[in-house]
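The exercises below are meant to be worked through with the sequence and the structure in view. Try each task before reading the solution that follows.

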Amino acid sequence: MKRFYRISAFLFILLFALNGTVIARPALQTDFCQTVTDIPRAECEALAAFYISTGGDGWNVNIGWLTDTEAASWYGVQVVDNRVARLTLANNNLQGSLPPEIGTLSGLTEIVLSRNQLSGSLPSAIGGLNQLTILDLSSNDFSGGLPPELFTLTSLQYLYLDHNQFSGVIPAAIGNLTALNVLWLNDNHLLGFPPAGLTNLTALFNPGSLQPGNLDGLDLNENRFCVPDGYPVPGNPLHQFLSQKDPDFHLHQTCTPIFEVFLPMIRR
């Protein structure tokens, strides 16, 4: 009888192992993307890298990913003219970081990855996504500085980076993004003071005009900006711009002088 149970247990373990081999997604099989018919192999490999880097097996929904031979059937992926055009996986339990391969998806016009648990810094390869009009990475755990490559994406109209842990100063190059209608950087750890380049962003929606919800086009609240005494100073173009686009931002800051951040690093 004991022998029977030992054999049964062995067979159960063996069947479980074999079953795992049979149903496992071919994410690590380098030749899988040869079977995908509706996008270039390089884009398939970039999506595979994204799937692995963000814990795809643990997503809430991962239908089709790395099993179906048409990427258009993968949950959250939209294909237009044989290119990956949209990647929409909000609130889907993505965990991990964005891989540099994301930059290969140069046909993307929209990325929506909000309300996940993504972390780490934004890869510089994001600068390759020069057709992006919407980038929504809000409500994650991204950290580090805003990469300069981000401010080469001059087609961006909606940029949501709020509710993360981005730090450092806002680069002056943000003034390159003149097509922006919405810029949300609130609830981060940004320092210094918003740069003068912001005044180039005249297409930002005025306060209360973003629908639904009567929201603002510019939100800089809940950062660590140091607002100068007497703000807004009459005749200061940046102060006047901020007063118009984000009237109460100066009331929602916890000033952290830049030297308080970097001096401890120098002393180490």
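**Exercise 1: an aromatic pair**

Tyr 231 has a relative accessibility of 11% and therefore counts as buried. This value belongs to a predicted model, as do the others in these exercises.

Task: Decide whether Phe 193 is buried, partly exposed or exposed, and describe how the rings of Phe 193 and Tyr 231 are arranged.

Solution. Begin with accessibility: residues under 20% are buried and those over 50% are exposed. Phe 193 has a relative accessibility of 23%, so this residue counts as partly exposed, whereas Tyr 231, at 11%, is buried.

Turn next to the rings, for which a search of the whole structure finds 14 aromatic pairs. In the pair formed by Phe 193 and Tyr 231, the centres are 6.2 Å apart and the planes stand at 70°. Since angles over 60 degrees count as edge-to-face, the pair is given that name.

Finally, locate the two residues along the chain: Phe 193 lies in the loop between β11 and β12 (218–219), while Tyr 231 lies in the loop between β12 and α3 (237–245). The pair thus links distant parts of the chain, 38 residues apart.

A further group of rings can be looked for in the structure, where ring pairs link Phe 50, Tyr 51, Trp 59, Trp 65 and Trp 74 into a cluster.

**Exercise 2: an open sheet**

Task: Find the order of the strands in the open sheet formed by 5 strands, and explain why one side of β3 and of β11 is left without a neighbour there.

Solution. Following the sheet across, the order is β3-β5-β7-β9-β11, with parallel pairing. The strands β3 (95–96) and β11 (189–190) stand at the edges and each has a single partner strand, which is why one side of each lacks a neighbour in the sheet.

To examine one edge in detail, look at β3 and strand β5 (residues 117–120), which run parallel and are joined by 2 bridges. Here Gly 96 stands opposite Leu 118 in β5.

**Exercise 3: confidence along the chain**

Task: Identify where the pLDDT stays under 50 near the start of the numbering, and how many contacts beyond four places in sequence the model has there.

Solution. Start from the whole chain, whose average pLDDT is 88, with 85% of the residues scoring at least 70. Against this background, residues 1–24 stay under 50 and have 0 contacts beyond four places in sequence. Residues 261–268 also have a pLDDT below 50, and this stretch has 3 contacts beyond near neighbours in sequence.

How values were computed
Residues are numbered from 1 along each chain as its sequence is written. This is a predicted model: local features need pLDDT of at least 70, side-chain atom pairs count only at pLDDT 80 or more; totals for chains, interfaces and linings use all residues. Side-chain values use heavy atoms; hydrogens and water are left out. Two strands pair if DSSP finds at least two bridges between them. Helices (H or I, at least four residues) and strands (E, at least two) are DSSP runs, numbered from the N terminus. Rings of Phe, Tyr and Trp (its six-membered ring) pair if their centres lie within 6.5 Å; planes under 30 degrees apart count as stacked, over 60 as edge-to-face and the rest as tilted. Buried means under 20% relative accessible area, exposed over 50%, partly exposed in between (1.4 Å probe, protein chains only). pLDDT is the predictor's confidence in each residue, from 0 to 100. Contact means heavy atoms within 4.5 Å.
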